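Please look through the sequence and the structure below before reading on. The briefing that follows is grouped by topic, so that each part can be checked against the picture.

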Amino acid sequence: MPGGDGRVDRAAILAEYDRVAADLRHLVASADGAARRRPSHGTRWTNEQLLFHMVFGYLVVRRLLVLVRLIGRLPDRIGSGFAALLDVGTPVFDAVNYLGAVGGARVFHGDALVRRSDRVSARCTVPWSGNRM
């Protein structure tokens with residue numbers, strides 16, 4: 001989230017993490033087991049699998065930011081080649097992404113999912129600095 005001067009607003013990002021963690025706690029607390037097992041709207045997942053996917057996404061994206069910064073500093077042709085490689089792997093990624101949430105929700109669900117999201121929020125630091133994301 002760049003500010004008006006192009007700099008990253010770390011406080012705003014941390015506030016967003018806190019807001020999302022609070023939303024997740026509310027969603028899990030307000031939904032009984034039957035509601036969490038219902039299909040979500042617009043996906044093939046159940047509501048609980050979708051919640052797991054969201055929490056896991058926060059865990060993964062933090063690690064991927066390092067890779068994004070590295071690729072962003074390399075010559076454009078290398079970044080373009082890496083993007084093409086990712087495009088080729090999209091069908092495999094989509095399958096792993098779907099099945100990972102299906103399996104992950106069996107391990108981390110309900111209160112365990114909330115505890116995991118709280119740990120993400122508590123350890124959240126913004127791993128970049130300066131004007132570039």
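Is Ser40 buried or exposed? With a relative accessible area of 7%, Ser40 is buried, because buried means under 20% relative accessible area. The model described here is a predicted one, and the points below take up the surroundings of Ser40, the nonpolar core, the salt bridges and a patch on the surface.

**Ser40 and its surroundings**
- Ser40 is found in the loop that runs between α2 and α3.
- When neighbours within four places in sequence are left aside, the residues in contact with Ser40 are Trp45, Thr46, Asn47 and Leu50.

**The nonpolar core**
- Eleven residues make up the largest nonpolar core, and among them are Leu24, Val28, Trp45, Phe52, Ala105 and Val114.
- At least two residues of this core come from each of the helices α1 (10-30), α3, α5 (90-107) and α6 (111-123).
- Ala105, which is one of the core residues, is in contact with Glu48, Gln49 and Phe52 once its neighbours within four places in sequence are left aside.

**Arg36 and its partners**
- Arg36 belongs to helix α2, which spans residues 33-37, and this arginine is buried because its relative accessible area, 17%, is under 20%.
- The side chain of Arg36 meets that of Glu48 in a salt bridge, with a distance of 3.0 Å from N to O.
- This pair links distant parts of the chain, since Arg36 lies in helix α2 and Glu48 in helix α3, twelve residues apart.
- Like Arg36, its partner Glu48 is buried.
- The side chain of Arg36 also reaches the backbone oxygen of Ala31, at a distance of 2.7 Å.
- Not counting residues up to four places away in sequence, the residues that Arg36 touches include Val28, Thr46, Asn47 and Gly110.

**Salt bridges within helix α1**
- The structure holds three salt bridges, one of which is the pair of Arg36 and Glu48 described above.
- Glu16 and Arg19 form a salt bridge through their side chains, at 2.7 Å from N to O, and they are separated by about one helical turn because they stand three residues apart in helix α1.
- Arg19 also forms a salt bridge with Asp23, where the closest N and O atoms are 2.6 Å apart.
- Asp23 and Arg19 are four residues apart, about one turn of the helix, and both lie in α1.
- Glu16, Arg19 and Asp23 are joined into one network by salt bridges that share partners.
- Glu16 is partly exposed, with a relative accessible area of 27%; Arg19, at 41% relative accessibility, counts as partly exposed; and Asp23 is partly exposed as well, with a relative accessible area of 36%.

**A nonpolar patch on the surface**
- Leu64, Leu67, Leu70, Leu74 and Ile78 form a nonpolar patch on the surface, and together they have about 380 Å² of accessible area.
- Helix α3, which covers residues 47-73, supplies the largest share of the patch, namely three residues.
- Leu67, a member of the patch, is located in helix α3, and it counts as partly exposed because its relative accessibility of 35% falls between the limits of 20% and 50%.

Note on methods:
Residues are numbered from 1 along each chain as its sequence is written. This is a predicted model: local features need pLDDT of at least 70, side-chain atom pairs count only at pLDDT 80 or more; totals for chains, interfaces and linings use all residues. Side-chain values use heavy atoms; hydrogens and water are left out. Patches are made of residues with over 30% relative accessible area and no salt bridge: like charges are joined within 9 Å, nonpolar side chains (Val, Leu, Ile, Met, Phe, Trp, Tyr) within 5 Å. Accessible areas come from the Shrake-Rupley method with a 1.4 Å probe; for residues, only the protein chains shown count as cover. A salt bridge is a side-chain nitrogen of Lys or Arg within 4 Å of a carboxyl oxygen of Asp or Glu. Buried means under 20% relative accessible area, exposed over 50%, partly exposed in between (1.4 Å probe, protein chains only). A polar contact is a pair of N or O atoms within 3.5 Å; within protein, one must be able to donate a hydrogen and the other to accept it, and residues adjacent in sequence count only if both atoms are side-chain atoms. Contact means heavy atoms within 4.5 Å. A nonpolar core is a set of buried Ala, Val, Leu, Ile, Met, Phe, Trp, Tyr and Cys residues joined through side-chain atoms within 4.5 Å.
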